[in-house]
Amino acid sequence: MNENTLLMTAVKAADDKRAEDITVLNMKGISLISDYFVICHGNSDKQVQAIAREMKEKSEEHGFAVKRMEGFDEARWILVDMGDIVAHIFHKDERSYYNLERLWGDAPVENVQGMLNQ
């Protein structure tokens, strides 16, 4: 399995749980942390947890290990570390506050709709 498969798996898992405003930032050459950031949000604590849980389960089903998941109990900002891909799953209120898209504004944005249509 490769990085693109993991990226598509994470995006589709978020979409399956009705995550809103799914954005993928290509962090190659910008961050040493990961190659891609998947950023999305849910409208309730339960939805945020469901998105993170689905991402973890689907990734593991496809043979990818989730290295760490942080913030699950609080469900305000859950970070799912899948190695080359890090997902940031926010509660709607927190996403606008942290605004990672602006913070990493020099990162190219990937075509999420293209991933969902494959």
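**Notes on the helices and the sheet**

1. Start with α1, which lies across β1, β2 (36-42) and β5 (85-91). Against β2, α1 runs at about 5 degrees. Keep in mind while you look around that this is a predicted model.

2. Now find α2, residues 45-61. This helix lies across β2, β3, β4 and β5, and its direction makes about 165 degrees with that of β5.

3. What about the sheet under discussion? It's an open one of 5 strands, and if you walk across it you meet β1-β2-β5-β4-β3, with mixed pairing. At the edges sit β1 (20-26) and β3 (68-70), each with a pairing on one side only. From one strand to the next, the twist averages 10 degrees.

4. Have a look at the β3 edge too. Strand β3 runs antiparallel to β4 (residues 77-81), and 3 bridges join the two. A handy spot to check by eye is Met69, which stands opposite Val80 in β4.

5. Back to the helices: how do α1 and α2 pack? Their angle is about 145 degrees, and the axes are 8 Å apart. The crossing of this pair is right-handed.

6. Which residues make that helix contact? From α1 come Leu6, Thr9, Ala10, Ala13, Ala14 and Asp16, and they meet Ile51, Glu54, Met55, Lys58 and Ser59 of α2. Sorted by type, the contact of α1 with α2 has 6 nonpolar, 2 polar and 3 charged residues.

Notes: Residues numbered from 1 in each chain as written. Predicted model: local features only at pLDDT ≥ 70, side-chain atom pairs only at ≥ 80, totals over all residues. Heavy atoms only, no water. Axes fitted to C-alpha atoms, helices over the stretch in contact; angles between N-to-C directions. Helix = DSSP H or I, 4+ residues; strand = E, 2+ residues; numbered from the N terminus. Left-handed = near helix turned anticlockwise from the far one by under 90°. Contact = heavy atoms within 4.5 Å. Nonpolar A, V, L, I, M, F, W, Y, C, P; charged D, E, K, R; others polar. Pairing = 2+ DSSP bridges.
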